Amino acid sequence: MKLEELAIAMHTRPASASLTVKDAIVLPPDTNHHGTIFGGKLMAYIDDLATIAATRHARRPVVTASTDSVDFLHPVKKGDAVSLSAFVTWSHKTSMEVFVRVVTEDLLTGKRKVSATSFLTFVALGDDNRPVEVPGVQPESDEERLLFNTAPERKEARRIRRQESKHFADFMGTDDVRHAPASSRAAAHSRKGNHAFACAWESEW
């Protein structure tokens, strides 16, 4: 192996090395009045599993930077089994993108379907609790290569959304809008609104 190839290999890890799987059965306390799993319960499963995958890749403590998307495709019913799988799809300096797939199985019929998918972003922390660089990702399967190659597009979408969120937070402030005088809300909108939204599409983060 050439020195250049060896250097790359030492600073990348296969996507499969972070693969994490969790199986669970949906019990009555996990469900709402429709008999389907609480969205928050499933999201907690997703975040837990993604945290493990990100930590396995970085071999450092990690924090959730954002839950980029959670798409519920089919209801998960009481008595179903849920199988979640997660792995790091891509990394950029100190951050990692993690993909989570949720497969539901009717244990009586064996019928399976993908019930949810999710993308999350994590940041690795050093001993000083500041962001630290993480290894790159080496995709191997067709699925891993597809997610790896499309990751920069999702990163750009995250950048734009994050700027929008920052400007929304700045615009809204911390005051309870239910009790703020209408005149002060209108003045704040006039002062901040147009500039804030214009900057949201241009700023770097």
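Which residue in strand 5 stands opposite V82? In this predicted model, the residue facing V82 is T104 of strand 5. The pair belongs to a longer ladder. Strand 4 covers residues 81-92 and strand 5 covers residues 95-105. The two run antiparallel and are joined by eleven bridges.

These strands are part of an open sheet. Five strands make up the sheet, in the order 2-4-5-6-3. Their pairing is antiparallel. Strands of a sheet pair through backbone hydrogen bonds, and the pairing can be parallel or antiparallel. The edges are held by strand 2 (20-25) and strand 3 (62-72). Each edge strand has a single partner strand, so one of its sides lacks a neighbour in the sheet. On average, neighbouring strands are turned by 20 degrees against each other, direction ignored.

Helices pack against this sheet. Helix 2, residues 39-58, lies across strand 2, strand 3, strand 4, strand 5 and strand 6 (112-124). Helix 2 runs at about 45 degrees to strand 4. Helix 3, residues 142-172, also packs on the sheet. Helix 3 touches strand 3, strand 4, strand 5 and strand 6. The direction of helix 3 makes about 75 degrees with that of strand 4.

The largest nonpolar core has 32 residues. V82, L84, M96, V98, V100 and F122 have the most contacts inside this core. Helix 2, strand 4, strand 5 and strand 6 each supply at least two of the core residues. Helix 2 gives the most, with eight residues. V98 illustrates the contacts of one core residue. Beyond four places in sequence, V98 touches A50, A53 and A54, as well as A86, F87 and V88. V98 also touches S118, F119, L120 and F122.

Two further residues, W90 and S95, touch each other. W90 lies in strand 4, and S95 is found in strand 5. W90 has a relative accessible area of 13%. Buried means under 20%, so W90 counts as buried. S95 is at 17% relative accessibility and therefore also counts as buried. Leaving aside residues up to four places away in sequence, W90 is in contact with S95, M96, E97, V137, F148, A151, P152, K155 and R158. With the same kind of neighbours left aside, the contacts of S95 are W90, T121, F122, V123 and V134. W90 and R145 are 55 residues apart along the chain. Their C-alpha atoms are separated by 9.7 Å.

Terms used. Residues numbered from 1 in each chain as written. Predicted model: local features only at pLDDT ≥ 70, side-chain atom pairs only at ≥ 80, totals over all residues. Heavy atoms only, no water. Pairing = 2+ DSSP bridges. Helix = DSSP H or I, 4+ residues; strand = E, 2+ residues; numbered from the N terminus. Axes fitted to C-alpha atoms, helices over the stretch in contact; angles between N-to-C directions. Contact = heavy atoms within 4.5 Å. Buried < 20%, exposed > 50% of the residue type's maximum accessible area, 1.4 Å probe, protein only. Core = buried A, V, L, I, M, F, W, Y, C linked by side-chain atoms within 4.5 Å.
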